[in-house]
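Open the model in a viewer and follow the stops below in order. Each stop says what to select and what is there.

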Amino acid sequence: MKTHDHLTPCMQAILMLYNKGYKLHISFTTILEKIPDLDAKWSEDYGIRLPAHTRYQRKQRGFANAVALAGPVIAVPTLREAILMATPEALQMPQASAWSRQEWSDRYPRFSNYRMIKENRENGEVAMTWRLKDEELEKFRKYLVMLAQSANGREIARVTADAARFHPMFGGVRRQLRRTFREIERLWTHLHKTPYPGFNPEALPAMVGFKSTSKEPAGKAVRA
């Protein structure tokens, strides 16, 4: 099981694997010390370490394949979030197998404070990407509204700059933050008639250097 120290490469990997056909999954949080035992169990039950040629042979025979990875839990270094991803054939594996005992989810994966979605772009393309979970985005938005209403420009500048640095800037996340920052910019100028002190919505980082079948750029953060 690949264990990532940062969210961005972990979420990149999940997105890539989903687009490669690993549509089923389970995920949960566990302590860091349990990851090696979990890796050993999933290797035995689901073959998460099988080489590529064996996976290909299993696929040709109609058998399921699985992969697994783990990533950090925000602000809790002793925890990891683990995710086991499987191909749809997992639902047709023998009832006596570990595959059939697992409660697979076929909804789009959720990881940390983010959820995967399928986006319909203005240019007609359809692609998978990540977004902040609605409840997380709303808490952030309400905090910024409160800061704008109380004329706390210094805190708006700090919080929005931190958000631009912290969040993995997949296209879905970037568009969410851009809309939120634009809303707060309009509110600030309406209330105070002074320049908006927060991070420029049009200068949010973008993800480059990583390509997946989702057509969603990801990788190194640069200024857009």
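Select Tyr-18: at 7% relative accessibility this residue counts as buried (under 20% relative accessible area, with exposed over 50% and partly exposed in between; 1.4 Å probe, protein chains only). The model is predicted, so local features need pLDDT of at least 70 and side-chain atom pairs count only at pLDDT 80 or more, while totals for chains, interfaces and linings use all residues. Residues are numbered from 1 along each chain as its sequence is written, and side-chain values use heavy atoms, leaving out hydrogens and water.

Add Tyr-108, which is partly exposed at 32% relative accessibility. How many aromatic pairs does the structure hold? There are 6 (rings of Phe, Tyr and Trp, the last by its six-membered ring, with centres within 6.5 Å). The rings of Tyr-18 and Tyr-108 have centres 5.9 Å apart and planes at 75°, so this pair is edge-to-face (planes over 60 degrees apart; under 30 is stacked, the rest tilted).

Next, select Tyr-46 and Trp-104. Their ring centres are 5.9 Å apart and their planes stand at 75°, so this pair is edge-to-face. Tyr-46 is buried, with a relative accessible area of 5%, and Trp-104 is buried at 13% relative accessibility. Add Trp-99 to see one aromatic cluster formed by Tyr-46, Trp-99 and Trp-104.

Last, select helix α5 (residues 134-149) and helix α7 (residues 171-192); helices are DSSP runs of H or I, at least four residues, numbered from the N terminus. They pack at an angle of about 20°, with axes 9 Å apart, which makes α5 roughly parallel to α7 (angles under 35 degrees).

Methods:
Axes are lines fitted to C-alpha atoms, for helices over the stretch in contact, and angles run from 0 to 180 degrees between N-to-C directions. Helices (H or I, at least four residues) and strands (E, at least two) are DSSP runs, numbered from the N terminus. Angles under 35 degrees count as roughly parallel, over 145 as roughly antiparallel, 65 to 115 as roughly perpendicular and the rest as oblique.
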